[in-house]
Amino acid sequence: MQRDPHWIDGKPAMPANGQWLDVFDPATRAVASQVADGDARDVDNAVAAAQAAFPGWSSLPNSGRARWMERLADALETRIDEFARAEAIDAGKPLALARDIEIPRAISNLRFFAHAATQFASESHHGEAGLNYTLRLPLGVVGCISPWNLPLYLFTWKIAPALAAGNTVVAKPSEVTPRTATMLAALAAEIGFPAGVLNVVNGLGPKVGEAIVQHPATKAVSFTGSSTVGRRIAGITGPMLKKTSLELGGKNATLVFADSDWRKQLDMLVRSAFQNSGQICLCGSRLLVERSIYAEFRDAFVERVQALHIGDPLQDGAQIGPLVSQAQYDKVLACIERARAEGGRVLCGGQALDRSGWFIAPTVIDGLGPQCATNREEIFGPVVTLQAFDGDDDALLLANASDYGLTASIFTNDLSRAHRLAASLRVGMVWINTWLMRDLRTPFGGSGASGLGREGGMEAMRFFTEPRNVGIAL
């Protein structure tokens, strides 16, 4: 049985309590490995290691930190197949998705922020009151807590800017999918990455995550996960006046207008709804379709969804894998039953599949209005709803009928309409005639129940630094 320990001060560390957690293979429901069941003692040890490493790491030239991060990216690139297989087994995602998209994006995260470290400049101001320049100084030890749905991709999305800015890190991956984060820490040690700079503490949120959040020596917390947990973290860090970034859930609208090239874009529209079995905060789980094309679109969309290849994540050609855990499986099935109780019409799917793993058929539902829980609460599974709209104002009203505000997609060939709606949608990101178009320089995040703050690009570098202005009398 594979056992993944903590990685503290550049070496493996057994859990202080001697306890381990089972990690399951979603495709079989069998125990695939075990991971350290950490607690506050392990967090204390990791914070101490990070504090000891901070003076040396923060005093390196930016180019010096960049070189270490490039070396880690290079090493990860040589192990793509190994990491992709581990992630497919841990998370139940198709191997091709992990190998061709998500692990390469993790590598890009490391490389992008390595370059950002060398371009992150101070500002100067003069002509009004003397000469002022503003330093951007690392905070110290920071906590990074990443989710289970995109394990290495979002783990590196947090640690890379934190390290590039000169901080040392205590990170907690999800206990549901901990394997690749632990592997990355081991890989860092293998290439001689400075000890104590990157520390990984495994375990449960209430024991490890809260210990990181509450620790007086962690100067900032970056969290991606559910809105419920995000609110709890905000309740802890608020009174502590601790910098906090919260990237939370989404109930994203995809607006499809009659003048769009939706027939050519149908594969993208299906992917935007069901990639990673719908377990991505950016998935378009609410499809809003102009009424004049609604029936034709509905039938074509359902036909394409029914053609998706559901299979073992390690099999060639699998497009849809299982849900990540028993808890997620039970939640999604309960949401489907609730949709039926609300009067929804299940157009396809709507049931568990007769397989050994946590498989649920991709599900499309219509007949529900914007006030139904199915259209308001995040499901985070292979479930989407269809709603018809009449004109721009109605589309906007439906799209904004959500407590979440992460992203939206607009499919139209009328660019005036696209720009007008993009300015009026209450979300942090809008894509026009595309989905999940990734530019690492842009701010990433949402509003409302979708969180606080922004990640990505220089927004992330700013979050992980403290500005200090120096004024000189002339």
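In this predicted model, Glu-337 counts as partly exposed, its relative accessibility being 44%, and the residue makes a convenient point of entry because partial exposure here is the range between the 20% limit for buried and the 50% limit for exposed residues. The side chain of Glu-337 meets that of Arg-340 in a salt bridge, with 2.6 Å from N to O, and Arg-340 is likewise partly exposed, at 35% relative accessibility. Both residues belong to helix α11, which spans residues 326-341, and because they are three residues apart in that helix, about one helical turn separates them.

This pair is one of the 27 salt bridges that the structure holds. Another joins Asp-37 to Lys-207, where the closest N and O atoms are 3.0 Å apart. Here the partners come from distant parts of the chain: Asp-37 lies in the loop between β5 (30-36) and α1 (40-59), whereas Lys-207 lies in helix α7 (residues 205-214), 170 residues apart. The surroundings of the two ends can also be described one by one, since Asp-37 counts as buried at 9% relative accessibility, while Lys-207, at 32%, counts as partly exposed.

Further along the chain, Asp-439 and Arg-441 form a salt bridge in which the closest N and O atoms are 2.7 Å apart. Asp-439 is partly exposed, with a relative accessible area of 32%, whereas Arg-441 is exposed, with a relative accessible area of 62%. Beyond such individual pairs, Glu-70, Asp-74, Glu-77 and Arg-111 are joined into one network by salt bridges that share partners. Side chains of opposite charge can pair when their charged atoms come close.

From the charged contacts the path leads on to the chain as a whole. Its secondary structure comes to 15 helices and 23 strands. The radius of gyration is 23 Å, close to the 23 Å that the globule rule gives for 474 residues, so the chain is as compact as a globular protein of that length. Taken along the principal axes, the box filled by the C-alpha atoms is roughly 65 × 65 × 40 Å, and buried residues make up 58% of the 474 residues in the chain.

The aromatic side chains offer another way through the structure, with a count of 12 aromatic pairs. In one of these, Phe-24 and Trp-358 are arranged edge-to-face, with 6.3 Å from centre to centre and 70° between the planes. Phe-24 lies in strand β4 (residues 20-25) and Trp-358 in the loop between β15 (345-348) and β16 (363-366), so the pair ties together parts that are 334 residues apart in sequence. Phe-24 counts as partly exposed at 35% relative accessibility, whereas Trp-358 is buried, with a relative accessible area of 4%.

The rings of Phe-257 and Phe-389 also make an edge-to-face pair, because their centres are 5.0 Å apart and their planes stand at 65°, an angle over the 60 degrees required for that class. Phe-257 lies in the loop between β13 (253-256) and α9 (266-274), and Phe-389 in strand β17 (residues 383-389), so this contact ties together parts of the chain that are 132 residues apart in sequence. Both Phe-257 and Phe-389 are buried.

Elsewhere, Phe-112, Phe-113, Trp-157 and Phe-444 form one aromatic cluster. Aromatic rings also meet charged groups: Lys-243 lies over the face of Phe-463, at 5.2 Å from the ring centre, and the charged end of Arg-355 sits over the ring of Phe-359, 5.2 Å from its centre.

The path ends at the surface, where Phe-24 appears again in another setting, as a member of a nonpolar patch formed with Met-1 and Val-31, the accessible area of the three together being about 280 Å². The partial exposure of Phe-24, at 35%, is relevant here because membership of a patch requires over 30% relative accessible area. Met-1, which lies in the segment before β1 (2-4), is exposed, with a relative accessible area of 65%. Although Met-1 and Val-31 are 30 residues apart along the chain, their C-alpha atoms are separated by 8.9 Å.

Key. Residues are numbered from 1 along each chain as its sequence is written. This is a predicted model: local features need pLDDT of at least 70, side-chain atom pairs count only at pLDDT 80 or more; totals for chains, interfaces and linings use all residues. Side-chain values use heavy atoms; hydrogens and water are left out. Patches are made of residues with over 30% relative accessible area and no salt bridge: like charges are joined within 9 Å, nonpolar side chains (Val, Leu, Ile, Met, Phe, Trp, Tyr) within 5 Å. Accessible areas come from the Shrake-Rupley method with a 1.4 Å probe; for residues, only the protein chains shown count as cover. A salt bridge is a side-chain nitrogen of Lys or Arg within 4 Å of a carboxyl oxygen of Asp or Glu. Helices (H or I, at least four residues) and strands (E, at least two) are DSSP runs, numbered from the N terminus. Buried means under 20% relative accessible area, exposed over 50%, partly exposed in between (1.4 Å probe, protein chains only). Rings of Phe, Tyr and Trp (its six-membered ring) pair if their centres lie within 6.5 Å; planes under 30 degrees apart count as stacked, over 60 as edge-to-face and the rest as tilted. A charge sits over a ring if NZ of Lys or CZ of Arg is within 6 Å of the ring centre and within 35 degrees of the ring normal. The radius of gyration is taken over C-alpha atoms; the globule rule is 2.2 Å times the number of residues to the power 0.38.
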